[in-house]
Amino acid sequence: MDYFHDDELQDRSYDSALMKRLLAYLRPYRKQVAASILLLLFVAVFQLAPPMLVKLAIDRYLNASAGLDASARHNGLVLISLVYGGVLLLGFAFSYLQIYIMSYI
């Protein structure tokens with residue numbers, strides 16, 4: 001038994017008239033939509049930063065062949081750890097704001 005009767009909807013391509021009608025509902029919220037898109041870009045950057053920081057910590061401060069003394073390695077790891085924590089906090093804040101604005105819209 002076929003429960004899906006919307007095959008014709010799947011066959012339709014982009015409908016510009018429908019899109020214009022839907023975008024008209026967003027017109028009063030242009031600033032919020034722009035802010036949400038901008039925040040989404042920041043969220044993407046802050047989600048990509050932690051793995052890069054881990055790579056940096058391993059390559060520069062945990063690798064024995066880096067040629068650093070113990071004090072320099074410790075200071076470097078502390079700095080990377082603080083930056084990592086800041087990146088996580090900022091990523092959370094931007095994600096929260098983006099979700100809040102989208103919920104408002």
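Biologist: Where is leucine 39 found, and why is leucine 39 called buried?
Modeller: Leucine 39 is in helix H3; helices here are DSSP runs of H or I with at least four residues, strands are E runs of at least two, and both are numbered from the N terminus. The relative accessible area of leucine 39 is 11%. Buried means under 20%, exposed means over 50%, and partly exposed lies in between, with a 1.4 Å probe and protein chains only. Since 11% falls under the buried limit, the label fits.

Biologist: Before we go on, what sort of model is this?
Modeller: It's a predicted one, where local features need pLDDT of at least 70 and side-chain atom pairs count only at pLDDT 80 or more, while totals for chains, interfaces and linings use all residues. Residues are numbered from 1 along each chain as its sequence is written, and side-chain values use heavy atoms, leaving out hydrogens and water.

Biologist: Okay, back to leucine 39: which residues is it in contact with, leaving aside neighbours within four places in sequence?
Modeller: Phe94, Leu97, Gln98 and Ile101, where contact means heavy atoms within 4.5 Å. For leucine 39 and isoleucine 101, the C-alpha atoms are 9.6 Å apart in space, with the two positions 62 residues apart in sequence.

Biologist: What makes serine 36 count as buried?
Modeller: Serine 36, also in H3, has a relative accessible area of 2%. That is under the limit for buried, so the name holds. With neighbours within four places in sequence left aside, serine 36 is in contact with Gln98, Ile101 and Met102.

Biologist: Why is glutamine 47 called exposed, then?
Modeller: Glutamine 47 is in H3 too, but its relative accessible area is 59%. That lies over the exposed limit, so exposed it is. Its C-alpha atom is 6.8 Å from that of glycine 91, 44 residues away along the chain.

Biologist: And glycine 91: buried or exposed?
Modeller: Buried, because its relative accessible area is 13%. Glycine 91 belongs to helix H4, and its C-alpha atom is 10.0 Å from that of proline 50, with 41 residues separating them in sequence. H4 has other buried residues, including Gly76, Ile80 and Val87, and H3 is part of what covers the buried residues of H4.

Biologist: What makes the largest nonpolar core a core, and which residues are in it?
Modeller: Such a core is a set of buried Ala, Val, Leu, Ile, Met, Phe, Trp, Tyr and Cys residues joined through side-chain atoms within 4.5 Å. The largest has seven: Phe46, Ala49, Leu53, Ala57, Tyr61, Ile80 and Val87. Helices H3 (30-62) and H4 (70-104) are the elements giving two or more residues to this core, and H3 gives the most, with five. Setting aside residues up to four places away in sequence, valine 87 touches Phe46, Ala49, Pro50 and Leu53. In soluble globular proteins, nonpolar side chains tend to be buried together.

Biologist: How do you know that the span of H4 agrees with what is expected?
Modeller: The expected span is 1.5 Å times one less than the number of residues. For the 35 residues of H4 that should be 51 Å, and the end C-alpha atoms are 51 Å apart, so the two agree.

Biologist: Why is the pair of aspartate 59 and lysine 55 called a salt bridge?
Modeller: A salt bridge needs a side-chain nitrogen of Lys or Arg within 4 Å of a carboxyl oxygen of Asp or Glu. Here the closest N and O atoms are 2.6 Å apart, so the pair qualifies. A search of the whole structure finds one salt bridge. Aspartate 59 and lysine 55 are four residues apart in H3, which means about one helical turn.

Biologist: What makes aspartate 59 partly exposed?
Modeller: Its relative accessibility is 38%. That sits in between the buried and exposed limits, so partly exposed is the right class.

Biologist: Last one: how many helices and strands does the protein chain have?
Modeller: Four helices and zero strands, so in order along the sequence the pattern reads α-α-α-α. Of the 105 residues, 14% count as buried. Among contacts with a separation of 6 or more, 70% come from residues 24 or more positions apart.
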